[in-house]
Amino acid sequence: MTEQSPVTQTNAARVAQSPDAQVVTAVRHYTDSLFSFRITRPASLRFRSGEFVMIGLMGDNGKPLMRAYSIASPNWDEELEFYSIKVADGPLTSKLQHIQEGDHIIMRPKPVGTLVHDALIPGKRLWLFSTGTGFAPFASLLRDPETFEKFEQVIVTHTCRDVAELTYGRELVESVKTDEMLRELIGEENLDKLVYYPTTTREESAKMGRITYLIENGELFSDLGVPALDPATDRAMVCGSLGFNLDIKALLEQAGLREGANSDPAEFVIEKAFVG
Ligand code: A2P
């Protein structure tokens with residue numbers, strides 16, 4: 001960081017001194033509004049794929065400015081990965097979007113969350129429904145062998161306004177299918193279980209429309225050649241905007257699936273993607 005105000009420099013120093021400071025190891029920008037980054041992982045941090053932690057920077061008032069972020073890396077990864085929106089006037093992301101390799105950020109090492117296998121009862125088919133940065137927890141789960149050991153089929157849907165916003169998810173799915181290390185870890189025999197269903201709602205693409213619409217009119221199921229949602233066989237994890245989560249929840253409940261929790265596993269679980 002070269003062009004910093006004195007305030008920002010002071011804050012950077014404060015962040016580095018925090019007992020929860022971690023070092024940024026990589027940053028990648030996808031669009032004007034999306035980026036991913038990786039940080040060091042404390043040796044003592046254990047988490048379940050799909051969980052989130054609080055991460056942040058020091059605010060201008062000298063107090064930590066923390067937000068919930070899904071961990072996008074799997075639980076076996078040596079580093080932690082995050083996938084974030086950039087909001088010009090967002091209290092945290094307006095600053096976070098400028099981080100570079102070698103900078104420090106704060107991470108509270110207390111992972112929690114409901115998008116975990118423990119919150120679902122066994123089933124045949126796992127649906128991962130996401131919009132925007134809601135793909136992040138699924139980037140973790142899709143690199144975890146447990147996801148494929150537990151289900152006969154894993155279908156991940158990702159809906160964004162534009163094609164470029166699908167890049168992070170598309171590359172992640174491709175890496176699971178083509179990266180030698182990931183293929184071996186997940187097991188060649190499991191790779192065919194993974195089905196990727198991207199859609200856009202504004203920019204023209206091969207498949208357009210909100211996923212809720214494609215569920216309601218049955219197009220999702222006919223496109224994939226799978227039966228409609230059935231509580232006997234289907235399990236779902238949902239992560240996106242509040243409106244999206246509510247609309248998907250209504251459709252899942254209409255199909256007879258019940259919402260689960262860590263303490264009371266059932267057929268689907270929901271979490272709101274980080275915004276701001
Ligand atoms: P749309 O373009 O029709 O609003 P956002 O950037 O607003 O978070 O939206 C990300 C993606 O999620 C967009 O493609 C958007 O479609 C879609 N989306 C937003 N709200 C809903 C909802 N309630 N149900 C289904 N899809 C939604």
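**Exercise 1.** Which elements each supply at least two residues of the lining of the largest pocket?

*Solution.* The model examined here is a predicted one. Start with the elements: β8, α7 (211–216) and α9 each give at least two residues to the lining of the largest pocket. Next, look for the largest share: α9 provides it, with 3 residues. Then take the classes: the lining has 8 nonpolar, 10 polar and 5 charged residues.

**Exercise 2.** State how much space the largest pocket holds and which residues lie closest to its centre.

*Solution.* The space in the largest pocket is about 680 Å³. The pocket is lined by 23 residues, and those closest to its centre are Thr-131, Gly-132, Thr-159, Arg-161 and Ser-241.

**Exercise 3.** Locate the ligand and describe the shell around it.

*Solution.* First, place the ligand: it sits in the largest pocket. Second, find the elements that give two or more residues to the shell around the ligand: these are β8 (153–160) and α9 (242–254). The largest share of this shell, 3 residues, is from α9. Third, name residues of the shell: among them are Thr-131, Thr-159, Cys-160, Thr-201, Arg-210, Thr-212, Phe-244 and Asp-247. Last, sort the shell by class: 2 residues are nonpolar, 6 are polar and 4 are charged.

**Exercise 4.** Find polar contacts of the ligand, using a cut-off of 3.5 Å between N or O atoms.

*Solution.* Take the side chains of two arginines, then a backbone atom.

- Arg-161: a side-chain N or O atom is 2.9 Å from an oxygen atom of the ligand.
- Arg-202: a side-chain N or O atom is 2.7 Å from an oxygen atom of the ligand.
- Gly-243: a backbone N or O atom is 3.3 Å from a nitrogen atom of the ligand.

Each distance is then checked against the cut-off: a pair of N or O atoms within 3.5 Å is a polar contact.

**Exercise 5.** What percentage of the area that the ligand exposes when taken alone does the protein bury?

*Solution.* Taken alone, the ligand exposes 540 Å². The protein buries 78% of that area.

Notes. Residues numbered from 1 in each chain as written. Predicted model: local features only at pLDDT ≥ 70, side-chain atom pairs only at ≥ 80, totals over all residues. Heavy atoms only, no water. Near = heavy atom within 4 Å. Polar contact = N/O pair within 3.5 Å; in protein donor to acceptor, adjacent residues only side chain to side chain. Areas by Shrake-Rupley, 256 points an atom, 1.4 Å probe, with all protein chains shown as cover. 1 Å grid on protein atoms, 1.4 Å probe; cavity = no way out; pocket = protein on both sides within 12 Å on 5 of 7 lines; lining within 4 Å. Sits in = over half its atoms within 2 Å of the grid points. Helix = DSSP H or I, 4+ residues; strand = E, 2+ residues; numbered from the N terminus. Nonpolar A, V, L, I, M, F, W, Y, C, P; charged D, E, K, R; others polar. Points joined across faces, edges and corners; volume = space filled by probe spheres on them.
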